[in-house]
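Me: I would like to learn how to read helices, sheets and cysteines in a model. Can we go through one together?

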Amino acid sequence: MIAIIKYNGGNVNSVQNALNRSGAESIITDDLELIKNADKVIFPGVGEASSTMKTLKEKGLDQLIPTLKQPVLGICLGMQLMCKNNEEGNTVGMGIFDINVKKFAVENIIPHMGWNTISGFKSTIYSGIKEESDVYFVHSFYCELSENTTSVCDYILPFSASLQKDNFYAMQFHPEKSGEIGSRLLQNFLKL
């Protein structure tokens with residue numbers, strides 16, 4: 001069973017629909033025991049960092065998520081909240097990744113929205129996906145490059161398109177909106 005974490009961030013239904021297309025069984029939940037005992041956990045996100053972190057704290061999810069031992073996938077805001085600090089609302093994240101989340105410079109076009117190329121794959125989650133693949137982004141904040149970076153996108157500057165540390169995987173882009181490439185990435189995650 002795959003647990004999709006329910007909180008005040010959006011996109012949970014899109015993620016569940018993408019999993020349904022892959023034939024995977026999932027549940028949208030904020031129940032700590034169900035999440036703890038799931039085979040895999042997906043932490044999706046569309047929203048604002050500080051209010052989302054507040055909700056996670058109220059539900060105890062901010063304490064649970066970093067302790068999970070099964071494969072965990074953070075998407076977009078989910079990825080950003082798995083990091084140390086976020087400039088959006090001066091939010092302290094969960095610190096799974098020792099990375100800062102910064103806002104793209106105001107004078108440039110934000111949000112970064114639409115299809116863009118990722119490259120520099122450094123994770124088995126990219127198995128069967130060719131370098132220089134295009135995926136779908138919607139974000140105004142970005143994760144810095146680090147030793148945990150598993151793919152890079154260049155929009156205004158190079159940033160982490162995805163991260164991995166131990167059983168924690170994260171993607172700034174939306175695999176559930178990234179067509180065949182995104183579907184393959186989700187399938188690779190389900191096979192972990």
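Me: What should the 13 residues of helix H6 span, and how far apart are its end C-alpha atoms?

Reply: Note that this is a predicted model. With a rise of 1.5 Å a residue, H6 (residues 179-191) should span 18 Å. Its end C-alpha atoms are 19 Å apart, which agrees.

Me: Which residues of H6 are buried?

Reply: They are Gly182, Leu185, Leu186, Asn188 and Phe189. These residues cover an arc of only 160 degrees around the axis, so they sit on the same side of H6. The general idea is that an α-helix has 3.6 residues a turn, so residues three or four places apart point the same way.

Me: What lies on each side of H6?

Reply: The buried residues pack against helix H1 (12-21), S3, strand S4 (72-75) and strand S13 (168-171). The face turned away from the buried side carries the exposed residues Glu180 and Lys191.

Me: Which residues of helix H3 are buried?

Reply: In H3 (residues 49-59), the buried residues are Ala49, Thr52, Met53, Thr55 and Leu56. Seen down the helix axis, they fall within an arc of 160 degrees, so they line one face of H3. Exposed Lys54 and Glu58 are on the face turned away from that buried side. The partners that the buried residues of H3 pack against include strand S3 (40-43), helix H4 (61-64) and helix H5 (77-81). Just after H3 comes glycine 60, with a positive phi of about 80 degrees.

Me: Now the sheet. In what order do the four strands lie?

Reply: In general, strands of a sheet pair through backbone hydrogen bonds, either parallel or antiparallel. Here the order is S6-S5-S7-S10, in an open sheet with mixed pairing. S6 and S10 (141-143) are the edge strands, each pairing on one side only.

Me: How many bridges join S7 to S10?

Reply: Three bridges join S7 (residues 97-103) to S10, and the two strands run antiparallel. One bridge pair is lysine 103 with phenylalanine 141 in S10.

Me: How many disulfides does the structure hold?

Reply: Zero. Cysteine 76 is in no disulfide, and the nearest cysteine sulfur, that of cysteine 143, is 9.3 Å away.

Me: Why is cysteine 83 not bonded to cysteine 143?

Reply: A disulfide needs the two sulfur atoms within 2.5 Å. The sulfur of cysteine 83 is 3.8 Å from that of cysteine 143, its closest cysteine sulfur, which is too far for a bond.

Me: Is cysteine 83 buried or exposed?

Reply: Cysteine 83 is buried, with a relative accessible area of 0%. Cysteine 76 also counts as buried, at 6% relative accessibility.

Definitions and conventions
Residues numbered from 1 in each chain as written. Predicted model: local features only at pLDDT ≥ 70, side-chain atom pairs only at ≥ 80, totals over all residues. Heavy atoms only, no water. Buried < 20%, exposed > 50% of the residue type's maximum accessible area, 1.4 Å probe, protein only. Arc of directions from axis to C-beta. Contact = heavy atoms within 4.5 Å. Pairing = 2+ DSSP bridges. Expected span 1.5 Å × (residues − 1).
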